[in-house]
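Here are a few exercises to work through with the model open beside you. Try each one yourself before you read its solution.

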Amino acid sequence: MRMFAVTSMGMRLEAIALIALGTMTVGATAQSVSPRKAAQPARTESAPCPSGWLLDVDVCVPLPAEIADGPELQDVANAHRDRQGNWVRYDQIPRLPERPADYDLYRYPIPPGMPGGHAVISGYDLDQPNERQRRGPTLSHVGHGGVDLPQKKGTPIPMAALEHQEGDAEVLFVGDLFGRTVITLHTLREAGQVREYVLLFGHLDTPAPGIAKGAHLAVGDLVGTVGDTGSPELVHLHLEARRVRAGVNIRNEPGYKLVANECTIVCDPRNVLPLR
Ligand SMILES: [Zn+2]
């Protein structure tokens, strides 16, 4: 099928991967987009990015490749129509069947901040059909590749171990990406295989003092504090999990590549978060 051929070819991340506007952050790294409409050149004129790249917030991200459209794409779960009307397709790892769907059954790094003891205000929807993915009049992009955990500004975020994690987490990135962001590396033993995942902590008020690339964080060590950087409409932690692709030495990659489809695949966080 044509669209699958195109997908296996495309390994380019797309602008929406890095955007954090309003309550909207998108974890999907799209690979391709149809030329239903010309891409909007907005924000590129004064952008300090090379040709073919787009400034998003304060990082340069490559523009998506273009592919031919096809009616069959509309039935694919890991695709959505972006706000320009183009079909965008991406890799993602859906929730595994043995992992519960109920977000309340999982343990998060911060206490529940919602009425009724719930923690998650907005969950992972990149495995949902187009019409069920998150969007809205104030959200410039479509879909959500993590969980949003509302809490008071300044709430400390201690490091939590993922399911089947071995050893400490290692800091890969501290800087501006999804607002102020910390990204950590975790080694998990899954079904006899050792796999690496990155965890993205977005919209922080402040990263932990002194935290820097290469630091090791044990369970309970401070990652940062909850904030609203890059998300002025909602104080919350955006927590996103991504599996490192085989053969990628993720420690050598710059910050924006840590969330790029060519290096990591966005993953339903329920696959790796510990159960309560
Ligand atoms: Zn989010």
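Two strands pair if DSSP finds at least two bridges between them. Helices (H or I, at least four residues) and strands (E, at least two) are DSSP runs, numbered from the N terminus. This is a predicted model, where local features need pLDDT of at least 70, side-chain atom pairs count only at pLDDT 80 or more, and totals for chains, interfaces and linings use all residues. Residues are numbered from 1 along each chain as its sequence is written.

**Exercise 1. Find out how far to trust the model.**

Step 1: Start with pLDDT, the predictor's confidence in each residue, from 0 to 100. Its mean over the protein chain is 78, and 70% of the residues reach 70 or more.

Step 2: Now look for weak stretches. Over residues 1–47 pLDDT stays under 50, and residues 62–73 also stay under 50.

Step 3: Count the elements. You should get one helix and 17 strands.

**Exercise 2. Trace the strands from β11 to β13 and on to their other partners.**

Step 1: Begin at β11 (residues 165–177). Nine bridges tie it to β12 (residues 179–190), and the two run antiparallel. Glu166 sits opposite Thr187 in β12, and the hairpin between the two strands has one residue to turn with.

Step 2: Carry on from β12 to β13 (residues 193–207), an antiparallel pair with ten bridges. Here Val182 faces Phe201, while Thr184 has Leu199 as its bridge partner. Two residues separate the strands in this hairpin, where Ala191 takes a positive phi near 50 degrees.

Step 3: See what else β13 pairs with. It runs antiparallel to β16 over six bridges, with Gly202 partnered by His238. Three bridges also join β13 to β15, again antiparallel, and Leu204 stands opposite Val226 there.

**Exercise 3. Which way do the residues of β9 point, and what does β9 pair with?**

Step 1: Recall that in a regular strand the side chains alternate between the two faces of the sheet.

Step 2: Check β9. Val147 and Leu149 point one way, Asp148 and Pro150 the other, and all are buried (20 or more other C-beta atoms within 10 Å of a residue's own; exposed is 12 or fewer, partly exposed in between, with C-beta atoms placed from the backbone).

Step 3: Follow the pairing. Four bridges link β9 to β16 in the antiparallel sense, and Val147 partners Leu239.

**Exercise 4. Which residues touch the most other members of the largest nonpolar core?**

Step 1: Know what you're hunting for: a nonpolar core is a set of buried Ala, Val, Leu, Ile, Met, Phe, Trp, Tyr and Cys residues joined through C-beta atoms within 7 Å.

Step 2: The largest one has 48 residues, and Val198 and Phe201 touch the most other members. Elements giving two or more residues to this core include β8 (87–90), β11, β12 and β13.

Step 3: Domain 1 (2–90) and domain 2 (103–271), whose bounds come from an automatic or database domain assignment, both contribute residues, so the core lies between them.

Step 4: Leaving out residues up to four places away in sequence, Val198 is in contact (C-beta atoms, placed from the backbone, within 7 Å) with several residues, among them Leu172, Ile183 and Val244.

**Exercise 5. Is His164 buried, exposed or partly exposed?**

Step 1: Locate His164 in the loop between β10 (156–158) and β11.

Step 2: Count its surroundings. His164 has 15 other C-beta atoms within 10 Å, so it is partly exposed.

Step 3: List its contacts: beyond four places in sequence, His164 touches Leu188, Arg189 and Glu190.

Notes
Contact = placed C-beta atoms within 7 Å.
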